[in-house]
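Trainee: I'm new to this one and would like to learn how to read its features. Could we go through it together?

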Amino acid sequence: MKFRRELAYEAGPDEVFAMLADPAFREKVGAAQQVVSIEVTITPRGEGFALVSDQLQNTAGLPAIAKKIAGDSTQAIVREDWAGPRSGTIEITAPGKPTRAVGTIRLQAAGAGTTYVQELDVTVKVPLVGGKLEKVMADNIDNGLSVEHSTGIAWLKGER
């Protein structure tokens with residue numbers, strides 16, 4: 001399943017990139033998303049960085065069919081590899097589960113602000129119901145991005 005989301009920020013790309021490269025911001029997003037636990041590792045690489053966000057997520061609210069696969073909680077590992085301050089790749093996996101989302105992320109100048117664009121291929125390899133589960137996974141990613149966006153807007157206004 002193809003997934004695409006754009007987020008608008010009222011700050012320049014360099015400021016948005018600095019926010020995304022800050023472990024404190026990523027931990028604040030995890031708290032706002034109400035993850036059970038989060039461990040964030042950011043490693044500078046040239047002009048960019050590599051991120052690993054290892055999260056334990058509560059699955060309350062998921063449809064029964066998804067909870068059957070995920071359980072009461074599930075580990076999600078988000079890996080981002082920013083080659084530079086404008087673009088990178090992203091992969092979201094759940095160890096031991098037949099799910100994966102992989103794609104690109106980029107920051108585009110938009111007037112005085114920035115547009116964050118995330119495009120993913122979401123796959124759930126479960127016979128017969130994989131398509132339905134891909135929609136559930138895409139919806140969860142979308143909800144998580146909404147929380148990240150509102151947290152980011154506040155962060156850029158100095159609410160840290």
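Mentor: Let's look at the pocket and then at how the helices pack. Keep in mind that this is a predicted model.

Trainee: How do people find empty space, and what volume does the largest pocket have here?

Mentor: The general idea is that rolling a probe the size of a water molecule over the atoms shows where empty space is left. In this model, the largest pocket comes out at about 1,000 Å³.

Trainee: How many residues line the largest pocket, and which lie nearest its centre?

Mentor: There are 43 residues in the lining, with Gln55, Gln57, Ala76, Asn140 and Ile141 nearest the centre. By kind, the lining splits into 22 nonpolar, 17 polar and four charged residues.

Trainee: Which element gives the most to that lining?

Mentor: That's helix 4, which contributes 10 residues. Other elements supply at least two residues each, including helix 2 (23-32), strand 3 (48-58) and strand 7 (113-124).

Trainee: Let's stay with helix 4, then. What span should its 27 residues have?

Mentor: Use 1.5 Å a residue: helix 4 should span 39 Å, and its end C-alpha atoms are 38 Å apart, so the two values agree. Just after helix 4 comes Gly158, with a positive phi of about 100°.

Trainee: Now the packing. At what angle do helix 2 and helix 4 pack?

Mentor: Their angle is about 130°, and their axes lie 9 Å apart. Angles over 145 degrees would count as roughly antiparallel and 65 to 115 as roughly perpendicular, so helix 2 is oblique to helix 4. As for handedness, helix 2 passes helix 4 in a right-handed crossing.

Trainee: And how does helix 1 pack against helix 4?

Mentor: Helix 1, residues 13-20, meets helix 4 at an angle of about 115°, with 11 Å between the axes. That makes helix 1 roughly perpendicular to helix 4. The crossing of this pair is right-handed.

Technical notes
Residues numbered from 1 in each chain as written. Predicted model: local features only at pLDDT ≥ 70, side-chain atom pairs only at ≥ 80, totals over all residues. Heavy atoms only, no water. 1 Å grid on protein atoms, 1.4 Å probe; cavity = no way out; pocket = protein on both sides within 12 Å on 5 of 7 lines; lining within 4 Å. Points joined across faces, edges and corners; volume = space filled by probe spheres on them. Helix = DSSP H or I, 4+ residues; strand = E, 2+ residues; numbered from the N terminus. Nonpolar A, V, L, I, M, F, W, Y, C, P; charged D, E, K, R; others polar. Expected span 1.5 Å × (residues − 1). Axes fitted to C-alpha atoms, helices over the stretch in contact; angles between N-to-C directions. Parallel < 35°, antiparallel > 145°, perpendicular 65-115°, else oblique. Left-handed = near helix turned anticlockwise from the far one by under 90°.
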